[in-house]
Amino acid sequence: MGTKNIWQSLAQNCGPFMHHIKNTFILLLTIAFLFSAVAYVSDFSFEMVAFSQTWLTKIMNRTHYKGIIISTSADHTQKDLLAHLPKKQIQPRGTTVAQTTDIPIYHHVAHPSNYHFTLDEPDKCKQDPFLVLMVPVAPHQLEARNAIRSTWGNESSVQGKAVLTLFLVGLTGGAGAQQQLEEESRQHRDLLQSNFVDSYFNLTIKTMVIMDWLATRCPQAAFAMKVDSDMYINLENLMSLLLSPNTPRQNYITGYLMWDRSVIRDKNSKWYVAEELYPEPKYPTYLLGMGYVFSNDLSEKIVEASKNVKAFNIEDAYVGACLKQLGVAPSAPPDSSQFRAYLGQYNREDFLRVITTILGSPQQLIDIWKDVKRPT
């Protein structure tokens with residue numbers, strides 16, 4: 001058989017095969033096009049929902065539950081969003097560094113007398129501030145601290161009342177990081193550091209050290225606020241609340257109320273609390289740790305109460321347990337809508353009305369603050 005006849009025979013036999021390859025190639029091109037289109041739409045929509053998902057993640061981690069927030073300020077939309085949050089979105093809080101010790105949490109003693117300050121500002125209250133804002137923050141979160149310093153943390157006088165903002169951190173975990181922190185302290189004079197491991201499980205220690213500093217270094221302040229580093233605060237509205245003749249000057253604490261919250265007994269949960277630490281099935285009414293304000297007489301009283309309340313790792317609920325020990329009931333704010341977990345899509349008027357709400361990033365705080373403060 002000649003060469004020409006051989007190629008003719010091959011072409012005849014391979015015809016169906018080549019046709020199959022052609023169809024397959026077209027199909028693959030179609031699939032690739034469809035995937036590209038889906039990816040493009042996903043990238044476009046991701047930026048639109050990123051803030052909401054960031055907030056939802058933060059809320060789920062603040063409430064210690066995978067369920068719905070039940071609060072004076074939780075509206076229908078918030079509850080619906082929380083109820084449908086995919087479990088895979090629930091992540092550890094971003095405001096602390098990873099746990100760096102294998103010591104069981106029940107060995108972490110929360111009473112502040114067990115710790116001492118390695119960075120301190122003992123003379124900060126000599127000018128008798130009316131309100132002290134205490135911000136627990138991880139050592140590495142310089143961006144968050146700087147955002148606060150350039151926004152609400154830069155307000156030293158509001159409605160004629162002196163305001164002071166301080167940051168509290170734990171141990172950095174490294175000599176280089178510690179050196180940077182000490183330099184930051186020398187520059188800004190607003191850093192406090194105590195010698196506990198800065199971790200999620202030690203948030204109760206962090207809160208109690210805040211109370212101890214207020215009780216020992218700043219008892220003359222009329223009010224104090226524990227506020228997380230990712231929060232927006234409208235200090236004008238906060239000061240109006242504190243200066244109201246209806247606001248008590250003693251045994252007063254208010255914010256985002258949490259009540260009838262069950263203790264998590266699932267050992268696989270990051271919010272697990274053993275019965276030996278807290279035997280009751282439900283927590284007493286407490287304030288969500290994102291931001292609560294209190295008359296400063298309570299700082300010393302809470303420190304004293306903590307001597308008789310076994311420490312557990314849910315820091316805001318632990319403060320609620322100390323308040324129960326004192327016989328002090330948290331107060332609902334006069335306007336519950338002013339302590340908001342989430343405001344949704346940015347609206348300047350909303351931020352002019354609230355006292356505090358969660359934001360998605362330090363840059364958002366800066367951008368929103370500039371817009372809220374612009375002349376109208």
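## Exercises on a predicted model

F294 is buried, with a relative accessible area of 1%. The exercises below concern a predicted model, and each is followed by a worked solution.

**Exercise 1.** Describe the aromatic pair that Y292 and F294 form, and state whether Y292 is buried or exposed.

*Solution.* A pair of aromatic rings is described by the distance of the centres and the angle of the planes. A search of the whole structure finds twelve aromatic pairs. In the pair of Y292 and F294, the ring centres lie 6.1 Å apart and the planes make an angle of 40°. Planes under 30 degrees apart would count as stacked and those over 60 as edge-to-face, so the pair of Y292 and F294 is classed as tilted. As for accessibility, Y292 has a relative accessible area of 1%, and is therefore buried.

**Exercise 2.** Classify the aromatic pair of F312 and Y318, and name the aromatic cluster to which these residues belong.

*Solution.* The centres of the F312 and Y318 rings are 5.5 Å apart, with 80° between the planes. An angle over 60 degrees counts as edge-to-face, so that is the class of the pair F312 and Y318. Both F312 and Y318 are buried. Together with Y278, Y283 and Y286, the residues F312 and Y318 form one aromatic cluster.

**Exercise 3.** Determine which residues of helix α7 are buried, and explain why they lie on the same side of α7.

*Solution.* Helix α7 spans residues 297-305, and its buried residues are L298, S299, I302, V303 and A305. These residues cover an arc of only 160° around the axis, and therefore they sit on the same side of α7. As background, an α-helix has 3.6 residues a turn, so residues three or four places apart point the same way. The cover over the buried residues of α7 includes the helices α5 (203-217) and α8 (315-326), together with the strands β8 (253-254) and β11 (291-295).

**Exercise 4.** Work out how helix α3 is oriented relative to helix α10, and which residues make the contact.

*Solution.* The axes of α3 (residues 142-149) and α10 (residues 362-373) come within 8 Å and cross at roughly 10°. Because angles under 35 degrees count as roughly parallel, α3 is roughly parallel to α10. On the side of α3 the contact is made by E143, A144, A147 and I148, and on the side of α10 by P362, L365 and I366. Sorted by class, this contact of α3 with α10 has six nonpolar residues, no polar ones and one charged residue. E143, which has its place in helix α3, counts as exposed at 56% relative accessibility. From E143 to Q363 the C-alpha to C-alpha distance is 8.6 Å, although 220 residues separate the two in sequence.

**Exercise 5.** State where D128 and N251 are found, and what phi each of them has.

*Solution.* D128 is found in the loop between β1 (117-119) and β2 (131-136), and has a positive phi of about 55° although D128 is not a glycine. N251, likewise a residue other than glycine, has a positive phi near 50° and is found in the loop between α6 (235-243) and β8. D128 is partly exposed, with a relative accessible area of 48%, and N251 is partly exposed at 36%.

Terms used: Residues numbered from 1 in each chain as written. Predicted model: local features only at pLDDT ≥ 70, side-chain atom pairs only at ≥ 80, totals over all residues. Heavy atoms only, no water. Buried < 20%, exposed > 50% of the residue type's maximum accessible area, 1.4 Å probe, protein only. Helix = DSSP H or I, 4+ residues; strand = E, 2+ residues; numbered from the N terminus. Arc of directions from axis to C-beta. Contact = heavy atoms within 4.5 Å. Axes fitted to C-alpha atoms, helices over the stretch in contact; angles between N-to-C directions. Parallel < 35°, antiparallel > 145°, perpendicular 65-115°, else oblique. Nonpolar A, V, L, I, M, F, W, Y, C, P; charged D, E, K, R; others polar. Phe/Tyr/Trp six-rings, centres within 6.5 Å; stacked < 30°, edge-to-face > 60°.
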